[in-house]
Amino acid sequence: MLQIKRAGHSTLTTPDIERMVDYFTRIVGLNLVAREKGRAVLATKSGPEAIVLEHGSAVDAPRLSFQVAPGSDPGELVARLKRAGIKCERRSDITPGIREVVTFADPKGTTLEIFADFGFAPDDPTFTGVMPLKLGHIAYTCPDVQGLVKFYCDVLGFRVSDWRGDFFAFLRCSRDHHTVNFLRDDRAAIHHIAFEVRDWSDIKRASDLLAKSNIKLTWGPLRHIIGHNIAIYHQNPDGVVIEFFCEMDQMHDEELGFFEPRPWHQDRPQRPKVWGDDTLSNWWGPMSHSPNRTNAAATKPSAAAAAQFAAIHRTPAAAPARVRNEQKKSRPKKSRR
Ligand SMILES: [Fe+2]
């Protein structure tokens, strides 16, 4: 088994790479560290690479990198994977910061790129956009969540933090409540990409920046119940859902086995568990309540709330036209002061 320590970068394909470079630098506030024909590499201002853009006819997220312990021998990683019956290969110089990876496919078809050593991107002195701390988590849909969870735990060393029913799993590889999450759906696809920001004031600043850029929030601000993170969601120009979050649950000590309150929890202590199907998506914010909370049925989202939830499930290909239309409608008329 490998022992993943953190997510590296997500590789996204896009039909319009210039538009996405503009979005990730000017809105998200990443640092452009490499730009080649049909390809761009972006890092957070603090140095770790977070997003690789590649030109493609369809919007997709075909690859995801993870870091194992620095100094790990790639040859030994290959041997371990082969003993587990996994076909893999070594590749080199995939980004400016990553010289060597071992790659293989996970059961839903995403290519994983495992690296041990990493060079931080050079300092970017500009102060632009949201400027998240790091790539926090990546969520996917897939038909067989149970099989995928078993693979991530058995092969990559992830631990299960929580389940919602039997259809939504949250897995951790570090203190963070989740670095990947998997939601059952007929189709394997990217669900959303989440960046961690410092605190609630950064969420407020991000909301203002998005509004000023004519990008509407599709959900939030809110505090989730599973993971307890404060979050906002929007769609990028390709229709991929992007989350900014802070205050996610942390498990500081695996032996103690409970999450640190941030700032409080429903259970005392809050341990990994299976939450009921009827658990609300968030404690406050949109979908956090209904007109009659005393009625058992009221714990289920209203039709309007369900529509909001569906908005973040929208497939990327279907989203851009809708987003552009909504943003066009929301632009102030020129005749106004
Ligand atoms: Fe998320």
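The exercises below, each with a worked solution, concern the strands, helices and confidence of one predicted model.

Residues are numbered from 1 along each chain as its sequence is written. Because the model is predicted, local features need pLDDT of at least 70 and side-chain atom pairs count only at pLDDT 80 or more, while totals for chains, interfaces and linings use all residues.

**Exercise 1.** Determine whether strand S14 is mostly covered or uncovered, and find which strands pair with S14.

Solution. Begin with the terms: strands are DSSP runs of E with at least two residues, helices are runs of H or I with at least four, and both are numbered from the N terminus. A residue is buried if 20 or more other C-beta atoms, placed from the backbone, lie within 10 Å of its own, exposed if 12 or fewer do, and partly exposed in between. S14 spans residues 217-224, and six of its eight residues are buried, so that the strand is mostly covered.

Next, look for partners, remembering that two strands pair if DSSP finds at least two bridges between them. S14 is joined by four bridges to the antiparallel strand S15, residues 230-235, where His234 stands opposite Leu217. Five residues lie between the strands of this hairpin, and Gly227 has a positive phi near 100 degrees. S14 also pairs with S18, residues 282-284, in the antiparallel sense over two bridges, and here Arg223 has Trp284 as its bridge partner.

**Exercise 2.** Trace the order of the eight-stranded sheet and locate the helices H1 and H2 that pack on it.

Solution. The open sheet, whose pairing is mixed, has the order S2-S3-S4-S1-S5-S8-S7-S6. Its edge strands are S2 (31-36) and S6 (89-92), each of which pairs on one side only. Within the sheet, S3 (residues 39-43) and S4 (residues 49-55) run antiparallel and are joined by five bridges, with Arg39 and Glu54 as bridge partners.

For the helices, count a contact when two C-beta atoms, placed from the backbone, lie within 7 Å, and take angles, from 0 to 180 degrees, between N-to-C directions of lines fitted to C-alpha atoms, for helices over the stretch in contact. H1 (residues 17-27) touches S1, S2, S3 and S4, and its direction makes about 165 degrees with that of S4. H2 (residues 74-83) touches S6, S7 and S8, and its direction makes about 15 degrees with that of S7.

**Exercise 3.** Find where the pLDDT is below 50.

Solution. The predictor's confidence in each residue, pLDDT, runs from 0 to 100; its mean for the protein is 88, and 85% of the residues reach 70 or more. Over residues 291-309, however, the pLDDT is below 50. Where pLDDT is low, the predicted coordinates should not be read in detail.
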